[in-house]
Amino acid sequence: MMNPRREPRGGRSSLFDGIEEGGIRAASSYSHEINEHDNERALEGLQDRVLLLKRLSGDINEEVDTHNRMLDRMGNDMDSSRGFLSGTMDRFKTVFETKSSRRMLTLVASFVGLFLVIYYLTR
């Protein structure tokens, strides 16, 4: 059953009253301007994010370079320490092999005592 408040076909034409072809074009042009404005704002936001990411990646690169230099220095220091300790151990072996056990004990105790004194003085 049809609703008495509706006009059967005349209602449709009344929906489009006042809209002409130029009016549709104007609305489309306005919509296009809004889209262009939104796109420009989105592009500016994207540019800001890209610049931020570029700065962050530059900072990360600088930090990595700094850490690599620090690790290289630390590796060189460890190598020189290893050489120093190896020489010291060779000397201890020589002392242990050629001297009596009493002299050896005295030397080791002296070395440990000297090490402890230096350790506590540098603390």
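**Salt bridges, helices and a nonpolar patch in a predicted model**

The count of salt bridges in this structure comes to 2. The structure is a predicted model, and the confidence of the prediction therefore accompanies the description below, pLDDT being the predictor's confidence in each residue. For the protein chain, the average pLDDT is 77, and 68% of the residues score at least 70.

The overall architecture is considered next. The protein chain contains 3 helices and 0 strands, and along the sequence the pattern reads α-α-α. Helix H1 covers residues 10-15 and has the lowest mean pLDDT among the elements, at 50, whereas H2 has the highest, at 83. Helix H2 spans residues 21-98, and helix H3 spans residues 101-122. Of the 123 residues in the protein chain, buried residues make up 2%. The exposed area of the protein chain is about 11,900 Å², of which carbon and sulfur atoms supply 59%.

Where do the salt bridges of Asp38 and Arg82 lie? Asp38 and Arg41 both belong to helix H2, and Arg82 and Asp79 both lie in helix H2 as well. The side chains of Asp38 and Arg41 meet with an N to O distance of 3.7 Å. A salt bridge requires a side-chain nitrogen of Lys or Arg within 4 Å of a carboxyl oxygen of Asp or Glu, so the contact between Asp38 and Arg41 at 3.7 Å qualifies. In sequence, Asp38 and Arg41 are 3 residues apart, which is about one turn of the helix. Asp38 is partly exposed because its relative accessible area is 34%, a value between the limits of 20% and 50%.

The salt bridge between Arg82 and Asp79 has its closest N and O atoms 3.2 Å apart. Arg82 and Asp79 are likewise separated by 3 residues, about one turn of the helix. How do the two partners stand with respect to solvent accessibility, exposed or partly exposed? Arg82 counts as exposed because its relative accessibility is 55%, while Asp79, at 45%, counts as partly exposed.

Attention now turns to helix H3. An unreviewed UniProt entry lists residues 104-122 as a "transmembrane region". In the model, residues 104-122 are 100% helix and 0% strand, with the end C-alpha atoms 27 Å apart.

A nonpolar surface patch of about 620 Å² is formed by Phe111, Val112, Phe115, Leu116, Tyr119 and Tyr120. Leu116, one of the patch residues, is placed in helix H3. Leu116 counts as partly exposed because its relative accessibility is 40%. Patch membership requires over 30% relative accessible area, so the 40% of Leu116 satisfies that condition.

The count of aromatic pairs comes to 1. This pair is formed by Tyr119 and Tyr120, with 5.3 Å centre to centre and 75° between the planes. Planes over 60 degrees apart count as edge-to-face, and the pair of Tyr119 and Tyr120, at 75°, is therefore edge-to-face. Tyr119 and Tyr120 are also among the residues of the nonpolar patch. Tyr119 has a relative accessible area of 40% and is therefore partly exposed, whereas Tyr120, at 55% relative accessibility, counts as exposed.

Conventions: Residues are numbered from 1 along each chain as its sequence is written. This is a predicted model: local features need pLDDT of at least 70, side-chain atom pairs count only at pLDDT 80 or more; totals for chains, interfaces and linings use all residues. Side-chain values use heavy atoms; hydrogens and water are left out. Patches are made of residues with over 30% relative accessible area and no salt bridge: like charges are joined within 9 Å, nonpolar side chains (Val, Leu, Ile, Met, Phe, Trp, Tyr) within 5 Å. Accessible areas come from the Shrake-Rupley method with a 1.4 Å probe; for residues, only the protein chains shown count as cover. Helices (H or I, at least four residues) and strands (E, at least two) are DSSP runs, numbered from the N terminus. Buried means under 20% relative accessible area, exposed over 50%, partly exposed in between (1.4 Å probe, protein chains only). UniProt positions are given in the numbering used here, feature names are shortened, and annotations may be inferred rather than shown by experiment. Rings of Phe, Tyr and Trp (its six-membered ring) pair if their centres lie within 6.5 Å; planes under 30 degrees apart count as stacked, over 60 as edge-to-face and the rest as tilted. pLDDT is the predictor's confidence in each residue, from 0 to 100.
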